[in-house]
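Colleague: I'm new to this structure and would like a close look at a single part of it. Could you take me through the place where the ligand sits, and then the elements around there?

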Amino acid sequence: MRILVLGGTVFLGRAIARQALAAGHDVTCAARGTSGDPVDGARFVTADRSRPGGLSNVEGTFDAVVDVARTPSHVRHMVAELAGRVGHVTYVSSCSVYADIATPDLSEATAPLLPPAPPELDDPAAGVEEYGRCKVTCEQLILEAFPDVFVNRAGLIVGPEDPTGRFDYWVARHARGGEILTPGDPDDRVQYVDVRDLADWTLRAVQEGLTGIFNGIGAPMTRREFHAGFGGDGTLTWVPQDFLTEHDVRPWSGPRSLPLWLPLPEFAGFLTRDTSAALAAGLRTRPLRETAADTLASFSDIHHITGLTEEEEVGLLREWHAR
Ligand SMILES: NC(=O)c1ccc[n+]([C@@H]2O[C@H](COP(=O)([O-])OP(=O)(O)OC[C@H]3O[C@@H](n4cnc5c(N)ncnc54)[C@H](OP(=O)(O)O)[C@@H]3O)[C@@H](O)[C@H]2O)c1
């Protein structure tokens, strides 16, 4: 198949392009080329979707297009420029489109969406809610133009080449061993998808002509199962969220944070999406141990992008034991 990846220079886009090439497809990636490089073997076309006509270098027709855009105007321009020239359409959306992040186990069919972004909001980097609203608008624009689209609402994507470092924090932390400060309660749940599993499913959706809207993420697991999946000989010290909040430990990501930890019950729905429709439609997820091992093997140096420093963790553990 002739497959066009709009993006394809970083993480998921690169993984989709890599796996499509491995399956023998003819792959074109279109981007500015500022975020990274396309994988070897893909045709690269320079494109800047921030302006109308920005895809003019993308010539010819394609059996399928995969779009990872998050900016509504980029999707508007794509729709105007590619309509009539592409077969199957995949839009990689996000579970951030959902308005309800507190209720666990909501499915695509039951979870209410955020309102779309107003016309003046075209910057998904403006904030978490702005990102979600922009993704809602992108979905709407694509659904209007291509009603038979495959909308893959990805959840937390992890694995090799993840630019965010969130899952990497736990990979590196378990690899270091010793006493590991672990947030919340062992029965709290967490949810993610390996970038290669999401890419594999996206590619099979393209090949099989799958359409519809799906939560593209693995089934939730308890934090006990999550941490056990890393193996290693570290010991876990579970520290309740109230202590973490009182000691200025931040949730999710960034400096002095515990990545992938979110306060409950406010975020009880965020990492517990019902993913049964995606699993029934062919999403296969590999064991965490494999994702962790491959992620660790992909580190080129000491890996600390986000999370607690060693010093911060030691200090917090000391205070926790002395309380
Ligand atoms: N990471 C997560 O945990 C997570 C969770 C849920 C959903 N998602 C979704 O999953 C997808 C991830 O995609 P990704 O990993 O490939 O990363 P991404 O950061 O979404 O990649 C954006 C791609 O678009 C290109 N691009 C950006 N601005 C452009 C412009 N003006 N003109 C043309 N191309 C442009 C970039 O290349 P250049 O900069 O080189 O142009 C890059 O290849 C996104 O849709 C994201 O919303 C991610």
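Modeller: Here is a walk through the ligand site, followed by some of the strands and helices.

Keep in mind that this is a predicted model. Let's start with the ligand's neighbours. The ligand is surrounded by 29 residues, and the closest are T9, R32, S35, R70 and Y131. Sorted by class, that shell holds eleven nonpolar, twelve polar and six charged residues. Some of the shell comes from regular elements: helix 1 (11-22), strand 5 (86-94) and helix 3 (128-145) each give at least two residues to it.

Now for some polar contacts. S35, already listed among the closest residues, has a polar side-chain atom 2.3 Å from an oxygen atom of the ligand. R166 also uses its side chain: one of its N or O atoms there is 3.0 Å from a ligand oxygen atom. With V92 the backbone does the job, as a polar backbone atom of V92 is 3.2 Å from an oxygen atom of the ligand. How much of the ligand's accessible area does the protein cover? Taken on its own, the ligand has 900 Å² of accessible area, and the protein covers 86% of that.

Strand 5, one of the elements that supply the shell, leads us to the sheet. Strand 5 pairs with strand 4 in the parallel sense, over five bridges. In that pairing, V65 stands opposite V89 of strand 5. To get from strand 4 to strand 5, the chain passes through helix 2 (residues 72-82), making a right-handed β-α-β crossover.

Strand 4 (residues 62-67) has another partner too: strand 1 (residues 2-6) pairs with it, again parallel, over four bridges. Here L6 has D67 of strand 4 as its bridge partner. Is strand 4 mostly covered or mostly open? Mostly covered, with five of its six residues buried. As a general point for reading strands, side chains in a regular strand alternate between the two faces of the sheet.

Finally, back to R166, the residue with the 3.0 Å side-chain contact to the ligand. Helix 4 covers residues 166-176, and nine of its eleven residues are buried. R166 is one of the buried ones, and the others are F167, D168, Y169, W170, V171, A172, R173 and H174. After helix 4 comes G177, which has a positive phi, near 75°.

Definitions and conventions: Residues are numbered from 1 along each chain as its sequence is written. This is a predicted model: local features need pLDDT of at least 70, side-chain atom pairs count only at pLDDT 80 or more; totals for chains, interfaces and linings use all residues. Side-chain values use heavy atoms; hydrogens and water are left out. A residue is near a molecule or strand if one of its heavy atoms lies within 4 Å of it. A polar contact is a pair of N or O atoms within 3.5 Å; within protein, one must be able to donate a hydrogen and the other to accept it, and residues adjacent in sequence count only if both atoms are side-chain atoms. Accessible areas come from the Shrake-Rupley method with a 1.4 Å probe; for residues, only the protein chains shown count as cover. Ala, Val, Leu, Ile, Met, Phe, Trp, Tyr, Cys and Pro count as nonpolar, Asp, Glu, Lys and Arg as charged, and the others, Gly among them, as polar. Buried means under 20% relative accessible area, exposed over 50%, partly exposed in between (1.4 Å probe, protein chains only). Two strands pair if DSSP finds at least two bridges between them. A crossover is right-handed if, with the strands pointing away from the viewer, the path from the first strand over the helix to the second runs clockwise.
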